[in-house]
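Keep the model open beside this text. We will walk from one helix to the charged pairs and end at an enclosed space.

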Amino acid sequence: MAIIGTDIAFAKELLLDDQVIGLPTETVYGLAGNALHEKSITAIFSVKNRPSFDPLIAHVDSLEKAYSIVEEFPLPLQKLATHFWPGPLTLLLPKKSHVPFLLTSGLEKVAVRIPNHPLALDLLRSIDFPLAAPSANPFGYVSPTTAKHVNDQLGGKISYILNGGNCKVGLESTIVSFEDNQVLIHRLGGISVEEIEKIIGPIKRDINESSNPKAPGMLKAHYSPSKKLLIGNIPDLMMAHENRDFGIISFKKPFLSSKPAREFILSATGDLHEAAANLFSALRKMDDLDIDLILTEFVPENGLGLAINDRLKRAAVS
Ligand code: TXA
Ligand code: MG
C-alpha cells in the first residue's frame with residue numbers, strides 16, 4: 001500500500017524522479033506526474049490502465065505557467081480562466097511544441113487547469129513543470145474523492161498519496177474549448193453551464209454520448225461502479241425488484257428506513273453542491289455492500305444537477 005501523508009517536499013522528490021503520486025484537488029484525486037516527461041506520462045497510463053488515445057490534463061498553479069505551454073489563449077477562454085481559476089474548469093488550448101504528444105494523445109491541443117486545492121497549489125508552486133493528472137482510478141471506474149479511495153485501488157502501484165481530505169466539489173472539472181469562433185463545452189463538471197454563460201453568453205454543447213467518440217474525451221460507459229445501476233422512480237424500481245438485494249442512492253428523501261445501511265442520501269436538504277460532493281463516495285459505498293443492484297434517481301436538471309445526471313447515466317451503462 002502507498003504511504004498517505006502531507007509531505008510536499010517528499011512528493012516533489014518523487015515527481016523529480018519521474019514517479020507518479022496521488023494528488024488531491026477540489027474536484028477528485030489525480031494521479032500526478034511530470035507532464036513534460038514521457039517517462040512519467042507513460043507511468044500514469046500504465047498505473048491507470050488507461051488507453052493511450054485518452055489524453056491527460058496538465059495542471060499548473062498560475063496563468064504564467066499556463067501561457068508557457070500554450071501557443072494561443074483565445075479571449076473568451078481567457079475570460080473564463082480569469083473568472084474560474086483556480087477552480088474546476090479545464091480549457092483545451094493549442095499546445096506549444098515542447099509539450100509531448102504522448103500527453104495529448106497526438107492532439108494539437110492540450111487540456112490545462114489550475115486546481116483549487118491548497119496542497120495541490122503548494123506542490124505546483126514548488127516545481128517548475130506542469131503536472132499531468134487524470135483521475136486516480138482504474139480506467140472506467142468511479143473517480144476517487146478521498147486518499148483512501150486512491151489507496152484502495154492504486155495503492156499497490158504507487159508509493160505516495162498526498163492527503164488533502166475529502167474533495168469539496170466531488171465531480172471532475174468542466175471541459176471547454178474554442179473552435180470556429182465558438183466556445184464549446186465537452187464535459188459537464190464542477191462549473192455549471194449557467195455559470196459559464198453568465199460570463200461569456202450562450203455556449204454550444206458538444207458532449208459525447210457515443211461509446212466510440214471520434215475525439216477522445218467522453219466515453220459513454222465511464223464512472224461505473226461494478227454493480228448494476230438502475231435510474232428511475234425509486235418506489236417503482238423497488239417494487240419491480242422486490243426480490244433482489246438492492247441498495248438505494250436517493251437525492252434527498254429516505255426510502256429504506258428499515259435498512260438504513262443500504263441507503264445513501266446525497267443531500268437531505270436538496271443541495272446540489274452537497275449531492276455532487278457525495279455522489280462518488282455513495283457509488284463506492286454501494287459497491288462495498290453485499291447487494292447486487294443499485295437503485296437511484298435523477299436529481300433536478302439545473303446547475304450542477306446536469307453534471308450529476310450525466311455521471312449517473314454513464315454509471316448506468318454496463
Ligand atoms: O477534475 C478533473 O478534471 C480531474 C482532476 C484530477 O483534475 N481530472 C480528470 O482527468 O478528470 P481525466 O483524465 O480523468 O479526465 C480528463 C478528460 C478525459 O476525458 C480526456 O479525454 C479529456 O479530459 N481531455 C484531455 N485532454 C484533452 C484534449 N487535448 N482534447 C480533448 N479532450 C481532452
Ligand atoms: Mg477520469
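What follows takes a helix, then salt bridges, then a cavity.

This is a predicted model. Start at helix H7, which spans residues 147-154. Which of its residues are buried? They are Ala147, His149, Val150, Asn151 and Leu154. Several elements help to cover them. Among these are three strands, S1 (3-5), S3 (30-34) and S8 (160-162). Helix H2 (38-48) and helix H10 (272-288) also contribute to the cover.

Now look at two other residues of H7. Aspartate 152 and lysine 148 both lie in this helix, four residues apart. That spacing is about one turn of the helix. Their side chains meet in a salt bridge, at 3.0 Å from N to O. Are these partners buried or exposed? Lysine 148 has a relative accessible area of 55%, so it counts as exposed. Aspartate 152 is partly exposed, because its value is 46%.

Widen the view to the charged pairs. Side chains of opposite charge can pair when their charged atoms come close. The structure holds 11 salt bridges. One of them joins the side chains of glutamate 26 and arginine 113, at 2.9 Å from N to O. This pair links distant parts of the chain, 87 residues apart. Glutamate 26 sits in the loop between strand S2 (21-23) and S3. Arginine 113 belongs to strand S6, residues 109-113. How accessible are the two? Glutamate 26 has a relative accessibility of 5%, so it counts as buried. Arginine 113 is buried too, because its relative accessible area is 2%.

Move on to helix H11, residues 305-316. Here the side chains of arginine 314 and aspartate 310 meet in a salt bridge, at 3.0 Å from N to O. The two are four residues apart, so about one helical turn separates them. Both arginine 314 and aspartate 310 are buried. Salt bridges with shared partners join Glu172, Asp310, Arg311 and Arg314 into one network.

Last, the empty space. Rolling a probe the size of a water molecule over the atoms shows where empty space is left. How many cavities of 30 Å³ or more does the structure hold? It holds one. The largest cavity encloses about 40 Å³. Its lining includes Thr174, Ile185, Leu188, Gly189 and Ile191. Ser192, Val193, Gly303, Leu304, Leu306 and Ala307 also line this cavity. By type, the lining has seven nonpolar residues, four polar and no charged. Domain 1 (3-205) and domain 2 (228-316) each supply at least three residues to the lining.

Technical notes: Residues are numbered from 1 along each chain as its sequence is written. Chains are lettered from A and ligands numbered from 1 in the order in which they are written. This is a predicted model: local features need pLDDT of at least 70, side-chain atom pairs count only at pLDDT 80 or more; totals for chains, interfaces and linings use all residues. Side-chain values use heavy atoms; hydrogens and water are left out. Buried means under 20% relative accessible area, exposed over 50%, partly exposed in between (1.4 Å probe, protein chains only). Contact means heavy atoms within 4.5 Å. On a 1 Å grid over the protein atoms alone, a cavity is a set of points where a 1.4 Å probe fits but cannot get out, and a pocket is an open set with protein on both sides within 12 Å along at least five of seven lines; lining residues have an atom within 4 Å of a point. Grid points are joined across faces, edges and corners, and a volume is the space filled by probe spheres set on the points. Ala, Val, Leu, Ile, Met, Phe, Trp, Tyr, Cys and Pro count as nonpolar, Asp, Glu, Lys and Arg as charged, and the others, Gly among them, as polar. Domain bounds come from an automatic or database domain assignment. A salt bridge is a side-chain nitrogen of Lys or Arg within 4 Å of a carboxyl oxygen of Asp or Glu.
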